[in-house]
Amino acid sequence: GGGGKKKSPKFKGVMDTFTAQLNDLNGTLEKCALHFVRCFKTNDQKKKEFNEDEVVMRQLQTSGVLDALRVSREGYPDRMIF
């Protein structure tokens, strides 16, 4: 036979609440012009006005900034329309 378990009314209520909250959040995000600021340390010693290229490059690579730039340059949109 069918053999499937039925979800309890309590589980259905939780899922309905989650879905409604997710839809509200998605609506809010679609209305916003989001901008992000990333801060990088210029050196591991935290010295003022002392820059280490290797330290900054490591942070750019591990934070995904370089990948995002590459994807953007290849012409892919930075936002998906659902």
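**Gln-59**

I began with Gln-59 and asked whether this residue is buried or exposed in the predicted model. Gln-59 counts as buried, because its relative accessibility is 17% and the cut-off for buried is under 20%. I then looked up its place in the fold and found Gln-59 in helix H2, which covers residues 53-63.

Next I checked what the side chain of Gln-59 reaches. One of its polar atoms lies 2.6 Å from the backbone oxygen of Lys-41. I listed the contacts of Gln-59 as well, leaving out residues up to four places away in sequence, and got Phe-40 and Lys-41. Lys-41 therefore appears twice in my notes on Gln-59, as a contact and as the residue whose backbone oxygen lies 2.6 Å from the side chain, which is within the 3.5 Å allowed for a polar contact.

**Asn-43**

I moved to the loop between H1 and H2, where Asn-43 is placed. Asn-43 has a relative accessibility of 2% and so counts as buried. Which backbone nitrogens does the side chain of Asn-43 lie close enough to for me to note a distance? I noted two entries: the backbone nitrogen of Gln-45 lies 3.1 Å from a polar atom of this side chain, and the backbone nitrogen of Lys-47 is reached at 2.8 Å.

With neighbours within four places in sequence set aside, I found Asn-43 in contact with Phe-50, Glu-52 and Val-55. Val-55 falls within the range of helix H2, residues 53-63.

**Lys-47 and Phe-50**

Both of these residues had come up under Asn-43, Lys-47 through its backbone nitrogen and Phe-50 as a contact. I looked at them together and found Lys-47 over the face of Phe-50, at 5.5 Å from the ring centre. I also searched for aromatic pairs, and the count came to zero.

**Positive phi in the loop**

I checked the backbone angles next. Most residues other than glycine have a negative phi. Lys-46 has a positive value, with phi near 60°. Lys-46 is in the loop between helix H1 (9-31) and H2, and I noted this residue as exposed because its relative accessibility is 65%.

Glu-49 also has a positive phi, near 55°. I placed Glu-49 in the loop between H1 and H2. Its relative accessible area is 74%, so I put Glu-49 down as exposed. Asn-43, from the loop between H1 and H2, is by contrast buried at 2%.

**Cysteines**

How many disulfides are there? I counted zero. I looked up the accessibility of two cysteines. Cys-32 counts as partly exposed because its value is 30%, whereas Cys-39 counts as exposed because its value is 72%.

**The whole chain**

I left the overall picture for last. The secondary structure comes to three helices and zero strands, and the order from the N terminus is α-α-α. I noted that 7% of the 82 residues count as buried; Gln-59 and Asn-43 are among them.

I closed with the confidence of the prediction. The mean pLDDT of the protein is 84, and 88% of its residues reach 70 or more. Which element has the lowest mean pLDDT? I found helix H3, residues 65-73, with a mean of 86. H2 has the highest, at 94, and H2 is the helix that holds Gln-59.

How values were computed: Residues numbered from 1 in each chain as written. Predicted model: local features only at pLDDT ≥ 70, side-chain atom pairs only at ≥ 80, totals over all residues. Heavy atoms only, no water. Helix = DSSP H or I, 4+ residues; strand = E, 2+ residues; numbered from the N terminus. Buried < 20%, exposed > 50% of the residue type's maximum accessible area, 1.4 Å probe, protein only. Polar contact = N/O pair within 3.5 Å; in protein donor to acceptor, adjacent residues only side chain to side chain. Contact = heavy atoms within 4.5 Å. Phe/Tyr/Trp six-rings, centres within 6.5 Å; stacked < 30°, edge-to-face > 60°. Lys NZ or Arg CZ within 6 Å of the ring centre and 35° of its normal. Disulfide = S-S within 2.5 Å. pLDDT = per-residue confidence, 0-100.
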